[in-house]
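Let's walk through a model together, one question at a time. Have a look at it first.

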Amino acid sequence: MYVIDGIVYAGNNGKILSVERVVPLKDRMLLVTFDSGETRLFDTTLLSGPVFEPLSDEQIFMHPTIEHGVVTWNNGEIDCAPEYMYKNSFEYTEGEMVSA
């Protein structure tokens, strides 16, 4: 719980993340740059359930877009919260060996 201008809010007063850039890589990995300036590696095989099954199709996976700071695929039919991507991703340092 937190208070801003006398109003009490539930949850955490954490900054809402958004994605600024996404690059699809081999093996269903993404190189994701967040508005914090951090670039991280995210493994989309962590995404489970019927809605994410189309990502196994390389033609769909290799064409992500960003809509309002959220990574989407398949004309917006598939998306993943930036907070989830950040929490479940790995640090990436520019110059590490990653091939697209």
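The questions below go from the overall fold to the core and then to one strand residue.

This is a predicted model, where local features need pLDDT of at least 70, side-chain atom pairs count only at pLDDT 80 or more, and totals for chains, interfaces and linings use all residues. Residues are numbered from 1 along each chain as its sequence is written, and side-chain values use heavy atoms, with hydrogens and water left out.

Reader: Which pattern does the chain follow along the sequence?
Author: Helices (H or I, at least four residues) and strands (E, at least two) are DSSP runs, numbered from the N terminus. The chain has two helices and nine strands. Read in order, they give β-β-β-β-β-α-β-β-β-α-β.

Reader: Which element gives the most to the largest nonpolar core?
Author: Such a core is a set of buried (under 20% relative accessible area, 1.4 Å probe, protein chains only) Ala, Val, Leu, Ile, Met, Phe, Trp, Tyr and Cys residues joined through side-chain atoms within 4.5 Å. The largest has 17 residues, and Trp 73 is among those with the most contacts inside it. Elements giving two or more residues include β3 (19–24) and α1 (58–61). The top contributor, with three residues, is β4.

Reader: Which side chain joins that of Thr 39 in a polar contact of 2.9 Å?
Author: Thr 39 lies in strand β5 (residues 39–43). Beyond four places in sequence, its contacts (heavy atoms within 4.5 Å) include Leu 31, Glu 91 and Tyr 92. A polar contact pairs N or O atoms within 3.5 Å; within protein, one must be able to donate a hydrogen and the other to accept it, and residues adjacent in sequence count only if both atoms are side-chain atoms. The partner at 2.9 Å is Thr 33.

Technical notes: Buried < 20%, exposed > 50% of the residue type's maximum accessible area, 1.4 Å probe, protein only.
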